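Student: Could you take a close look at one part of this protein for me, the largest pocket, and then show me how the rest is put together around that topic?

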Amino acid sequence: MIQLAQAAQLILALVLTNSGGEGKSTWAEVLSALARLAGLNVIVADVDPGNRGYLNRNGDGSALSLDWSPAGTGQKALADPALWFDEHLAGRNLAILDTGANMLAAANPINQFIGGLIEVARRKGAKIVVFGVTSPNKAGSDDLIEMMYQRFRRGAEVIVVQNNRDGSGTFNSSIAQLGTPIIGLPHLDPGLQTVRLRRCMPLDEVLTTPESGFERATALIAKRLMHAARQEPIKEIVGTTALESLRTLASQAPTATHYRISNLESADNASLTANEGVAKAWSHFRKADKHDASGFLKASESLWDAEQRWLARGR
């Protein structure tokens with residue numbers, strides 16, 4: 001397994017999906033943020049000219065842009081992977097290529113360029129990691145992983161990223177039988193996603209410079225990302241420093257929430273505090289002894305008060 005955190009060695013990471021909307025750019029920005037929080041030297045290349053998902057989320061200048069078309073602005077670089085490697089990847093710890101959907105099945109110049117870049121990277125001692133991103137109830141996910149395995153099994157590590165986009169956690173059971181490492185990317189409520197996307201900047205900057213009025217929501221995003229950061233395949237890439245950083249950034253997060261954070265209005269500090277209060281009151285109520293009339297009444301009143309504070313927020 002890869003030990004990037006303990007060695008100054010480049011990892012070239014490809015992020016792939018078999019269709020759009022599965023969370024490819026989401027995973028690319030999460031991986032990039034974790035690496036930066038760990039103090040690593042990271043570069044991202046957005047290789048999806050039809051979408052530019054990474055650049056659209058993280059802002060101009062957050063990634064290099066590579067064009068698939070022969071007439072694209074990146075054509076000179078595409079013609080010489082060795083030159084591109086020396087110009088952009090030398091001295092880096094991690095290079096992330098956020099590719100276009102179903103890129104493995106496409107016959108285009110960028111495929112040839114990436115193939116050449118992988119060979120250059122291998123010759124220079126880099127490690128190759130291929131992330132296949134899938135989401136719940138997605139047909140064809142196991143086909144993508146099988147295709148990735150057949151193409152990259154020699155000299156590369158294939159890792160499956162299960163992006164729990166809808167919160168159902170319902171993934172194809174056959175993926176677990178393929179024998180590749182699996183990373184779980186936790187679900188973010190719509191309100192938390194809105195908080196993240198309100199500012200077009202890299203995810204690690206969103207986390208370290210929370211927007212006024214949404215500090216608790218930003219901390220909750222950091223808390224959710226701790227789930228990804230503590231998984232072994234990620235610790236082997238970025239080490240444990242990212243997890244430690246996230247733990248600090250998550251210090252203001254609610255300990256629990258009772259209601260779904262469905263929109264921006266339910267994600268502000270006051271709403272999350274009220275939501276947390278309901279969760280705590282319900283927990284206390286469930287533990288109350290119904291044979292203790294005084295204690296049970298007190299727990300009931302506390303729950304009533306907490307629900308009223310939530311309702312007073314107009315959610």
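Tutor: Here is the pocket, followed by the overall make-up, a few contacts and the aromatic pairs.

A word on the source: this is a predicted model, where local features need pLDDT of at least 70 and side-chain atom pairs count only at pLDDT 80 or more, while totals for chains, interfaces and linings use all residues. Numbering runs from 1 along each chain as its sequence is written, and side-chain values use heavy atoms, with hydrogens and water left out.

So, the pocket. The largest one holds about 520 Å³ of space. Here a pocket is an open set of points on a 1 Å grid over the protein atoms alone, where a 1.4 Å probe fits, with protein on both sides within 12 Å along at least five of seven lines; lining residues have an atom within 4 Å of a point. The volume is the space filled by probe spheres set on the points, which are joined across faces, edges and corners. There are 30 lining residues, and the closest to the centre are Gly-23, Thr-26, Arg-57, Asn-163 and Gln-193. Two or more lining residues come from each of α1 (24-37), α2 (53-58), α7 (190-197) and α9 (215-229). Helix α1 gives the largest share, five residues. Sorted by class, the lining has nine nonpolar, 13 polar and eight charged residues. In this sorting Ala, Val, Leu, Ile, Met, Phe, Trp, Tyr, Cys and Pro are nonpolar, Asp, Glu, Lys and Arg are charged, and the others, Gly among them, are polar.

Now step back to the whole protein. You'll find 13 helices and seven strands, taken as DSSP runs numbered from the N terminus (helices are H or I, at least four residues; strands are E, at least two). Of the 315 residues, 50% are buried, meaning under 20% relative accessible area with a 1.4 Å probe and protein chains only; exposed is over 50%, and partly exposed is in between. Among contacts with a separation of 6 or more, 70% join residues 24 or more positions apart, a contact being heavy atoms within 4.5 Å.

Gly-213 gives you a local example. Look for Gly-213 in the loop between α8 (203-208) and α9; Gly-213 is partly exposed, at 27% relative accessible area. Leaving aside neighbours within four places in sequence, Gly-213 contacts Asp-268 and Asn-269. Gly-213 and Asn-269 are 56 residues apart along the chain, yet their C-alpha atoms are separated by 5.7 Å.

Helix α12 (residues 269-287) is worth a look too. Glu-276 lies in this helix and is buried, at 8% relative accessible area. Not counting residues up to four places away in sequence, Glu-276 touches Arg-216, Pro-254, Thr-255 and Ala-256.

Finally, the rings. The structure holds five aromatic pairs; rings of Phe, Tyr and Trp (its six-membered ring) pair if their centres lie within 6.5 Å, with planes under 30 degrees apart called stacked, over 60 edge-to-face and the rest tilted. Trp-84 and Phe-113 have ring centres 5.5 Å apart and planes at 90 degrees, so they pair edge-to-face. This pair links distant parts of the chain, with Trp-84 in α4 (residues 81-88) and Phe-113 in α5 (residues 109-123), 29 residues apart. Both Trp-84 and Phe-113 are buried. Back in α12, Trp-282 and Phe-285 are three residues apart, so about one helical turn separates them. Trp-282, Phe-285 and Phe-296 form one aromatic cluster.
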